[in-house]
Amino acid sequence: MTVWGFNHFIMNEEFAKIGINSFKQNLSSLPVWDTDKFSTNLIAHPYHGGLYFNAARSNGMSFWKSVPFTLGGSLMWEYFMENELPSVNDLFATTFGGMELGEITFRLSDLFIDNRSSGGERIGREILVTCISPVRGINRLITGESWKRSLSKGRMLPSVPVYFSLYTGLRFLAEQERSKDGELSMVLGFNLAYNDQYSESQNDHYRPYEWFVLNGSVDLFSSQPLMTQLNAIGILWGKNVKNTKNSSLTAGIFQHFDFYDSQIKNKEKQKVAPYRISEAVAFGGGILYLRKLTDTHPMEIRSSFYANAIILGGSLTDHYFYDEKDYNLGSGYSVKTYTNLTYKKKISFDIQSENYHIFTWKGNNPDGTGKIHKSSQGDIGNSRLIIFSTRLSYIFNKKWNISISNRFFTRYTHYKYYEDTIYSTNDGMLTAGYTL
């Protein structure tokens with residue numbers, strides 16, 4: 001009701017003008033593929049789902065018991081809180097994307113709760129909890145936990161090590177064949193690892209999200225989208241196959257959330273998106289490996305491999321443009337590999353590759369009239385985005401680091417009714433970071 005009230009009374013959005021007629025219309029219709037913009041469908045809706053998830057989670061529900069609340073919240077919104085037909089892609093993105101972002105924000109908010117504190121420290125902690133998980137902050141206000149003091153911290157989860165790094169610097173993005181026409185921007189980003197999957201003290205099995213990683217970045221002072229990247233990988237079930245002093249191997253089932261967006265000027269000086277990809281709902285298997293090469297540990301090798309089924313994803317299209325939609329929705333698969341070499345905890349080198357392949361199976365069929373079919377995933381075909389990146393970092397004073405990185409983005413899009421498209425872009429970044 002709060003979100004709807006904001007849309008209706010503050011933003012005066014047409015879709016928020018609901019009533020008996022909109023209820024009847026929605027309840028008598030099957031879900032369709034909507035035409036909202038890329039960031040709305042594949043970032044905002046998963047975040048909204050996380051609010052529903054946290055409503056249950058912060059009231060004592062377990063991870064799996066909170067999922068039906070997320071689905072129920074999505075159904076409630078799609079059928080009663082908008083005067084537009086219910087959206088099938090929103091039901092998937094809100095429920096399963098919300099399940100991932102919801103559990104991540106719940107666990108992160110738990111880190112700041114300390115019912116023993118008081119005064120300015122307590123106020124600061126409660127503000128942080130509310131910023132990370134708004135519904136949990138509201139529930140703490142309703143129950144009075146926001147100001148009640150106790151002898152214990154009052155957290156719902158056990159303490160685990162958390163590694164959080166912030167970085168900022170310069171980013172240069174350009175087409176590979178037109179590097180002089182690229183664009184410079186200021187980048188702000190973070191890398192977060194919740195728990196240490198390589199620890200010798202870990203149990204044999206993992207429960208949902210006892211380990212996850214979260215990375216994101218925004219671009220400032222440029223024509224780039226504000227949110228250019230958000231990645232999350234969380235373990236749903238895992239087993240430590242091997243865990244010794246010098247090596248560790250973990251296998252498991254993981255949930256993935258990935259979002260990449262971009263913008264650049266083409267030869268005609270028009271702003272276009274060279275690549276855009278998302279896997280809002282993706283699950284698959286993976287392995288995590290650590291090897292310390294000698295007893296004195298001067299060198300560490302960390303590697304991971306993932307193969308996923310993408311239930312719902314989005315990819316850039318060159319032809320389908322309807323309302324705010326300029327991308328295709330679909331399903332497919334992704335494969336990711338990551339390797340890190342660290343020498344004496346001073347020099348770090350990373351190699352990473354990501355391969356996303358999304359198929360649009362309910363697409364637009366041009367019939368010569370120029371008519372665009374509204375309830376469509378986009379253009380019939382498939383799109384692949386391959387990302388290959390390297391990064392070299394130097395760590396000093398155990399906290400500060402300086403890094404130089406390079407990424408190559410190659411998009412292959414095959415259309416049933418149009419010519420295929422190949423687009424290559426690369427970026428370079430020089431950043432300085434600090435690990436908390």
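Buried means under 20% relative accessible area, exposed over 50%, and partly exposed in between, with a 1.4 Å probe and protein chains only. The structure is a predicted model in which local features need pLDDT of at least 70 and side-chain atom pairs count only at pLDDT 80 or more, while totals for chains, interfaces and linings use all residues. Residues are numbered from 1 along each chain as its sequence is written, and side-chain values use heavy atoms, with hydrogens and water left out.

**Exercise 1.** Classify Glu300 and Arg302 by burial, and state how they are paired.

Solution. Step one: Glu300 has a relative accessible area of 13%, so Glu300 is buried. Step two: Arg302 has a relative accessible area of 25% and is therefore partly exposed. Step three: a salt bridge requires a side-chain nitrogen of Lys or Arg within 4 Å of a carboxyl oxygen of Asp or Glu. The closest N and O atoms of Glu300 and Arg302 are 3.5 Å apart, and the two form a salt bridge.

**Exercise 2.** Trace the salt bridges of Glu126 and place each partner in the secondary structure.

Solution. Step one: helices (H or I, at least four residues) and strands (E, at least two) are DSSP runs, numbered from the N terminus. Step two: Glu126 forms a salt bridge with Arg122, with 3.2 Å between the closest N and O atoms. Both residues belong to helix α6 (residues 119–132), where they are 4 residues apart, about one turn of the helix. Step three: Arg140 also forms a salt bridge with Glu126, its closest N and O atoms being 2.9 Å apart. This pair links distant parts of the chain, since Arg140 is in helix α7 and Glu126 in helix α6, 14 residues apart. Step four: Glu126 counts as buried because its relative accessibility is 10%, and Arg140 is buried at 3%. Arg122 is buried as well.

**Exercise 3.** How many salt bridges does the rule give, and which residues are linked in a network with Arg171?

Solution. Step one: the count comes to 19 salt bridges. Step two: Arg171 is linked with Asp219, Arg407 and Asp427 in a network of salt bridges. As background, side chains of opposite charge can pair when their charged atoms come close.

**Exercise 4.** Compare Asn195 and Asn397 in backbone angle, location and burial.

Solution. Step one: most residues other than glycine have a negative phi. Step two: Asn195 has a positive phi of about 75 degrees, and Asn397 has a positive phi of about 60 degrees. Step three: Asn195 lies in the loop between β2 (178–194) and β3 (205–206), whereas Asn397 is found in the loop between β13 (381–396) and β14 (400–415). Step four: Asn195 is buried because its relative accessibility is 8%, while Asn397 is exposed at 59%.

**Exercise 5.** Which residues does Val160 contact, leaving aside its neighbours within four places in sequence, and where does Val160 lie?

Solution. Step one: Val160 lies in the loop between α7 (134–143) and β1 (162–175). Step two: contact means heavy atoms within 4.5 Å. With neighbours within four places in sequence set aside, Val160 is in contact with Tyr194 and Asn195. Step three: Val160 and Trp211 are 51 residues apart in sequence and 9.4 Å apart in space, C-alpha to C-alpha.
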